[in-house]
Amino acid sequence: MDDTDLMGRQDLRSLLRDALDRALGEGPGDSVGTAVLLRGEAGVGKTALLGWMAAEARGRGCLVLRVSGAESEEKLAFGALHQVFGPLLRQLPDALAPHQRQTLESALGLRDARPQGDFLIGAAALTLLAAAARKRPVVMLLDDVQWMDPSSAAVLGFLHRRLSGLPVLIVSGGRPRGAATDGWTARWVDVPPLCPDEAAALLRRHHPGLAPPAQQRVLAQADGNPLALVELPRHRIGDPLDATAAWETAADPGHRLERLFDQRFRRLPPAALRVLLLVALGGEAAAWNATVWLWREAGAGGAAGDAAWDGTEGVLDAIESSGLAHLDSTGRLCFRHPLVRSAVISRASREELRRAHIDLARSLGHDDPRRLLHEAAAARATDEDLAVRLEAAGQRVAGRGGDAEGAVLLDRAAALSGDARSRAGRLARAATMAARGGRLQHAARLVEAVRGQPVPPEVAPLAAFAQVYVDQSHLVDFESSFTLLPRILSDLESAGEDACPGLAEQAYFKLVLATAYTDDPRGRVALERHRSAASPLARLCHQAWVDPARTAHGVADRLHELVAGMGAREEAGAAWLVLWTAAAVDVADARLWRRFAEQHAYATQGTIAKARSYQHYLKGRWDQAEACLREAEAADELGYHSNALLFRHYYAHFLAGRGDEEGLRAVDASVRPVASRAGMTFVEGNLDRLAGLVALAHGRSEEAYRRLAVLTPPGVLPRGTASFHLALFDFVEAAVQTGRLAEARAHMAAARSARMAEISPHHALLFAAAAAMAAPDEEADALFQAACGVPGAEEWMFPMARLRLAHGSRLRLRRAAQARDVLLTALHTFRSLGAVPWVARAERELRAAGTSAGLPAGGAEVLTAQQLRIARLAADGLTNKEIGEVLRVSSRTVSDHLYRIYPKLGITSRAALARVLGAAGQK
């Protein structure tokens, strides 16, 4: 184990033991695959925790697979994946079907065949992992994940999302601000510095003779960092026991922890330093070949036979005596800590690095991407031959699913290009790959580099699309969307489909997106002009967004037909269009998320996350609100600033629903200036609508009406606004509460004329709810009941609670007992959502109806006798079938009752029944 071995960390060890228990099925229930991500600063002890976990898992009979990310291998597609699944492929040769083995081997570069999409790579890896887990539980330990190559990180994210039911535990360690783990479903656990007592105990263990004043200086400077506690005292000048002795500059605060190893490096012979540098730059392949490098460096002076062997032993002894690295039982040279690797590289001179890259290149095959990267790192001038080989390798890597890494190879090829035209073409292709691979900051640098360059005509559409992609997603600027995208579409229509396969559909989608966000008339004109040449799915997306109130009819049904007929290859390019189309008509449900979750690039995962955030709001899953902020932070780190803005705008929806005016104002202040500069009327309009909703929540109906009437004047459904149905519902409620019945009914007439209820189930509910609110008293009760009976109405918790509140408010004047039941159901939903001002309104109405607002004992006042019996049996753990047998009813009847019970109790799942009924009993 690392010599910064564990001191304390009992809470983290307990957490990891519990996770291992669950994976082994030794906790309650069956085996549950799980994942934990340890996050902390360099030297804080993540590697030590992983080492402890490895020993613990091996002691309990698990197969332990270790992977370590390295900065030198970050550009190698599937490099980290190779560390895990390369050995497993050899150990389990019959675990995969031939096509799965071919897919995984091609992704890992073990054969030339091209894999058939990202999903199949992940599926093959999952099958192999499951096969290994059937023999014995698997514990996968991933260190330094911030340096993991994007393609490996994407496949590992795929595995994270599918561990359920497998005896597999994945524990990762990484820096807090690493983007590689975006999309992983691991439990994030921060590894803090050691507390003062633990820090002092670790210091005494490793430096027992250190004088007390020196101990205090070390403790103050190390600030609880275990690696610093162990290393700082070794950097004293003079007597190490002298409390007044000074530290070298390298140990002063503010310097990188890597500098703490300098003194040990200076004591090593040149041959040992060369071996460490070769292994640090060469990654895993060089680590496994360490004995070759040791022999070569020891024999560099011409020694042979026993003399060379003695020299080899001497070099290895020097390395191991320094404590910087050791040769393990498998012959692999292992650095004591990941920081040693980076310290070796950072201290080497430019010429030393160049010579090491040359040696490493010569040790690899002619067209191995690793050889090409080493050759490129060693190159001093342009080299067109090497550029051609790098470009070909980049295309191969991208073909295997490694777009981000392919972009790196093409970027380097561009730097070595012999002429400006070739350089511009390679930069354009690299920019497109980087964008497609979710590395937007890299794409932005490449787009900037290609500006003003003589781009070859055959790649001009790619260069233009990359610029639009960067402008939209990174710079939050949509101007180029309306100047470049129409030109791309015209050029591709003239050149034919084979010019840039798939680009026309992506360009059309980006134009739909820009037009929906900005309502720019140039976009509407261009979309209509190129509509006939677009694919059926692209045309459907246009239909959904061009003027939703009047054109979105039939979109949901047609979308399901198109998706049902898609193959895996078609899905790869269709995710954006499908999810964006579904979002326009509120049908972007979990089935679609799961279908496209296998696509690994952030571009797709970000689109899924946006759709999911909005659906969480619409469906009342408001406990997921904070996920919007996490997604926004991750998007900003990746350079997707447009996504970050949109996630914060979706977070504003949850705040507005809960009536949090202060929170909404804060989000508005951070989001609106950027949206305004970009002309994003989509965001500004939603923020204005949410301000009206908050005013409604707090009973300021006149203010709400004024705000909403600007967005949707009486009798007018706004053009190009997908959320027009939400605005209609809010407007009608505000109009009714302020006595403007004529305006409310004019709005309903417009909605009826537009056939709003035919667009989707959500539209149907909001139309029916608004119609009931605007109806005269003699018609209202029947319309309220009809609205509650809209198919799937209970899925939309917040509008259903508001509908019941409005219904109960009317009923209490005539039928107080009936009003009480309706208002209680609304109250419990508002409480479950945390919608405080709406809770207060419901409680006021209940008091006016002559009842208390609390949940009566046992729930008997809310539920019918039969519903209460079913709820109690379900809370006791009986299945629907078992409940049916007890009560002599069908399981379908039980299911129907539960469907009505949940909203009455303000819950959304069976798991909450015991808690709610138990709390009610205590009251």
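The paragraphs below lead through the nonpolar cores of this structure, one pair of packed helices and two buried residues. The model is predicted.

The nonpolar interior is a suitable place to begin. In soluble globular proteins, nonpolar side chains tend to be buried together. Here the largest nonpolar core holds 167 residues. Within that core, W545, W580, M680, V683, V732 and F830 touch the most other members. Helix α38, which spans residues 761-774, supplies the largest share of this core, with eleven residues. A second core, separate from the largest one, has 56 residues; among them are M148, I170, W184 and L390.

M680 shows how one member of the largest core is surrounded. Once its neighbours within four places in sequence are set aside, M680 is in contact with V476, F478 and Y517, and also with L645, L646 and A675.

F830, named above among the core residues with the most contacts to other members, also takes part in the meeting of helix α40 and helix α41. Helix α40 covers residues 797-811, and helix α41 covers residues 816-833. Their axes lie 8 Å apart, and the two helices pack at an angle of about 150 degrees. Angles over 145 degrees count as roughly antiparallel, and α40 and α41 are therefore described as roughly antiparallel to each other. The crossing in which α40 passes α41 is left-handed.

Residues from both helices form this contact. From α40 come M797, F798, A801, R802, R804, L805, H807, G808, S809 and L811. From α41 come A816, Q818, A819, V822, L823, T825, A826, T829, F830, S832 and L833. Sorted by class, the contact has twelve nonpolar residues, seven polar ones and two charged ones.

Two single residues complete the picture. L527 is placed in helix α24, which runs over residues 521-529. Its relative accessibility is 3%, so L527 counts as buried. Residues up to four places away in sequence aside, L527 touches Y508, L511, V512, T515 and H542. The chain also brings L489 into view: L527 and L489 are 38 residues apart along the chain, and their C-alpha atoms are separated by 9.8 Å.

D359 belongs to helix α15, residues 350-362. Is D359 buried or exposed? With a relative accessible area of 13%, D359 is buried, because the cut-off for buried is under 20%. Beyond residues up to four places away in sequence, D359 touches R274, L278, W293 and R296.

Note on methods
Residues are numbered from 1 along each chain as its sequence is written. This is a predicted model: local features need pLDDT of at least 70, side-chain atom pairs count only at pLDDT 80 or more; totals for chains, interfaces and linings use all residues. Side-chain values use heavy atoms; hydrogens and water are left out. Helices (H or I, at least four residues) and strands (E, at least two) are DSSP runs, numbered from the N terminus. Buried means under 20% relative accessible area, exposed over 50%, partly exposed in between (1.4 Å probe, protein chains only). Contact means heavy atoms within 4.5 Å. A nonpolar core is a set of buried Ala, Val, Leu, Ile, Met, Phe, Trp, Tyr and Cys residues joined through side-chain atoms within 4.5 Å. Axes are lines fitted to C-alpha atoms, for helices over the stretch in contact, and angles run from 0 to 180 degrees between N-to-C directions. Angles under 35 degrees count as roughly parallel, over 145 as roughly antiparallel, 65 to 115 as roughly perpendicular and the rest as oblique. A crossing is left-handed if the near helix is turned anticlockwise from the far one by less than a right angle, and right-handed if clockwise. Ala, Val, Leu, Ile, Met, Phe, Trp, Tyr, Cys and Pro count as nonpolar, Asp, Glu, Lys and Arg as charged, and the others, Gly among them, as polar.
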